[in-house]
Amino acid sequence: MSVAIITGASSGIGAAVAVEFHRRGWKVGLIARRDDLLKEHVEAMGEGAAYATADVADEKGLTDAILKLESELGPCDLMFANAGIGDGRSARHFTSANTLKIMNVNCAGVIHAFAAVLPGMLKRGTGTLSATSSVAGFRGLPNFGPYSASKSYVTSLLESMRIDLRPHGVGVTTVHPGFVVSELTSRNAFDMPFLVQTDKAARIIVKGLLKGKSEVNFPWQMICLMKFVRWVPNWLYDRVIAIASPTTPKKEAE
Amino acid sequence: MTPFGIRKRLKALLGLEGGSSSAPQPPALPSYDVVFDCPDGSTYTVSAKEGDSLVYAAGRGPQPISTGCTDGTCGTCRVDVLEGAEFLTVADGHELKTKADVGVPDAQRLACQSGVLGAGVRVKITNILGEEPIDP
């Protein structure tokens with residue numbers, strides 16, 4: 001039986017992906033900060049599920065949690081580094097502490113998770129590394145600077161690692177969701193286009209991961225739009241996005 | 001130089017005119033300590049320049065306030081004002097409308113719309129960036 005370890009598994013995409021893997025007969029290890037929620041999920045799933053509490057920004061804490069889960073469930077076959085935070089904030093309120101807090105979870109969280117399991121995967125010559133990026137990583141979105149930047153980082157890192165690790169039997173999959181119902185998006189103060197339900201997102205992600213896809217992108221409408229927006233020249237992008245993006249604060253766009 | 005000042009006219013038309021480099025420098029603003037109480041019971045103090053919003057001030061501390069729009073539309077950044085309410089900018093019509101729309105109690109302020117005007121401000125943060133959101 002294969003083992004999947006998932007960070008950010010207390011709610012949203014992470015929790016739903018854990019349930020979906022478990023439903024498909026995988027052993028699942030859940031990692032997050034909130035002990036009570038993890039316990040609830042693991043008890044609901046029953047045998048073949050375990051959890052460990054850790055903050056992904058804390059390298060030692062996360063490494064210890066992964067080691068604990070591996071000793072309990074077996075070596076990690078698939079790491080889904082999913083934990084992420086972010087909020088809408090105009091660059092007028094830009095500060096180091098706030099930006100670094102997002103980077104420490106969204107970027108360092110992925111780094112620490114991969115660093116903990118990659119040596120084992122290379123030794124065994126098999127495994128999958130995956131992480132949740134976002135369509136926000138395709139271009140800098142207004143009001144979401146640090147979040148967009150952190151997701152661009154994840155996309156580029158995984159793309160590069162995918163090429164390096166392919167000959168060694170380790171697959172790398174980048175997940176680019178659009179808006180998915182979760183705690184993170186529950187704070188968004190705007191109408192989210194093409195919003196995807198959490199369980200549907202989990203099914204799409206797990207299916208893509210099991211197929212060994214290089215990228216799992218959904219919903220298709222949002223992906224088409226954002227991939228097109230990538231090629232729009234800056235002079236046009238800057239003007240159109242400031243008016244058209246749902247993430248632009250109403251007052252600032254005036 | 002472009003003939004007839006075309007470049008300048010185009011820039012003015014598109015609203016791209018940059019600020020003049022010879023603009024007079026504004027005088028240095030005074031700074032005031034603002035105390036933030038966090039939901040976990042911890043407290044931190046940040047020195048804020050006059051006019052800085054509470055969101056900006058808290059963003060330089062260990063537990064930034066969670067925001068949704070920073071233009072006073074969503075109500076995510078609401079805080080309880082414990083002390084020094086008179087040293088914050090007065091809530092404008094936009095903030096009052098948002099508070100009524102999203103159900104923010106009168107005693108709370110939207111941190112992104114509250115500028116610091118004096119010393120002695122102490123607020124309790126309700127939503128911390130990266131933590132579980134608390135329903136109003």
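Modeller: A residue is called buried when its relative accessible area is under 20%, and exposed when that area is over 50%. The model here is predicted.

Colleague: What makes A:Glu20 buried or exposed?

Modeller: A:Glu20 has 6% relative accessibility. The limit for buried is under 20%, so A:Glu20 counts as buried.

Colleague: And what makes A:Arg23 buried or exposed?

Modeller: A:Arg23 has 57% relative accessibility. The limit for exposed is over 50%, so A:Arg23 counts as exposed.

Colleague: Why is the meeting of the side chains of A:Glu20 and A:Arg23 called a salt bridge?

Modeller: The rule asks for a side-chain nitrogen of Lys or Arg within 4 Å of a carboxyl oxygen of Asp or Glu. For A:Glu20 and A:Arg23 the N to O value is 2.8 Å, so the pair meets the rule. Side chains of opposite charge can pair when their charged atoms come close.

Colleague: How far apart in helix H1 of chain A are A:Glu20 and A:Arg23?

Modeller: They are 3 residues apart in helix H1 (residues 12-23) of chain A, which means a separation of about one helical turn. The two also belong to a network of salt bridges that includes A:Arg24.

Colleague: How do you know that A:Arg162 and A:Glu159 meet in a salt bridge?

Modeller: Their N to O value is 3.7 Å, and the cut-off is within 4 Å, so this pair also qualifies. Both lie in helix H6 (residues 145-165) of chain A, 3 residues apart, or about one helical turn.

Colleague: Which of the words buried, partly exposed and exposed fits A:Arg162, and which fits A:Glu159?

Modeller: A:Arg162 has a relative accessible area of 15%, under 20%, so A:Arg162 is buried. A:Glu159 stands at 37%, between the two limits, and therefore counts as partly exposed.

Colleague: Where is the salt bridge of B:Asp101 and B:Lys97 placed in chain B?

Modeller: The two residues are in helix H3 (residues 93-102) of chain B, 4 residues apart, which is about one helical turn. Their N to O value is 2.9 Å. B:Asp101 has 55% relative accessibility and B:Lys97 has 54%. Both values are over 50%, so both residues count as exposed.

Colleague: How many salt bridges does a search of the whole structure find, and how many does the rule find across the interface of chain A and chain B?

Modeller: The search finds 11 over all chains. Across the interface of chain A and chain B the count is 0. That interface does have 11 residue pairs in polar contact, with both residues at pLDDT 80 or more. On the side of chain A that touches chain B, two or more residues come from each of helix H4 (96-106), helix H7 (183-186) and helix H11 (250-253) of chain A. H4(A) gives the largest share, 4 residues. The residues on that side of chain A are 6 nonpolar, 8 polar and 12 charged.

Colleague: How many residues does the contact take from each chain, and what area is buried?

Modeller: Chain A gives 26 residues and chain B gives 29. The buried area is about 2,200 Å², with 48% of it from carbon and sulfur atoms.

Colleague: Which residues of H4(A) are buried, and why are they said to line one face of the helix?

Modeller: They are A:Asn98, A:Thr99, A:Lys101, A:Ile102, A:Val105 and A:Asn106. Seen down the axis of H4(A), the buried residues fall within an arc of 155°, so they line one face. Their cover includes helix H5 (108-124) and H6 of chain A.

Colleague: What makes the buried residues of H9(A) lie on the same side?

Modeller: The buried residues of helix H9 (residues 220-229) of chain A are A:Met222, A:Ile223, A:Met226 and A:Val229. Their arc around the axis is only 130°, which means that they share one side of H9(A). They pack against strand S6 (170-177), strand S7 (215-218) and helix H10 (234-244) of chain A. A:Trp220 and A:Phe228 are exposed on the other side of H9(A).

Colleague: What makes A:His112 buried or exposed?

Modeller: A:His112, in helix H5 of chain A, has 13% relative accessibility, under 20%, so A:His112 counts as buried. Leaving out residues up to four places away in sequence, A:His112 touches A:Val56, A:Ala57, A:Asp58, A:Glu59 and A:Leu62.

Notes:
Residues numbered from 1 in each chain as written. Chains lettered and ligands numbered in written order. Predicted model: local features only at pLDDT ≥ 70, side-chain atom pairs only at ≥ 80, totals over all residues. Heavy atoms only, no water. Contact = heavy atoms within 4.5 Å. Buried area = accessible area lost by both parts, 1.4 Å probe. Polar contact = N/O pair within 3.5 Å; in protein donor to acceptor, adjacent residues only side chain to side chain. Nonpolar A, V, L, I, M, F, W, Y, C, P; charged D, E, K, R; others polar. Buried < 20%, exposed > 50% of the residue type's maximum accessible area, 1.4 Å probe, protein only. Arc of directions from axis to C-beta.
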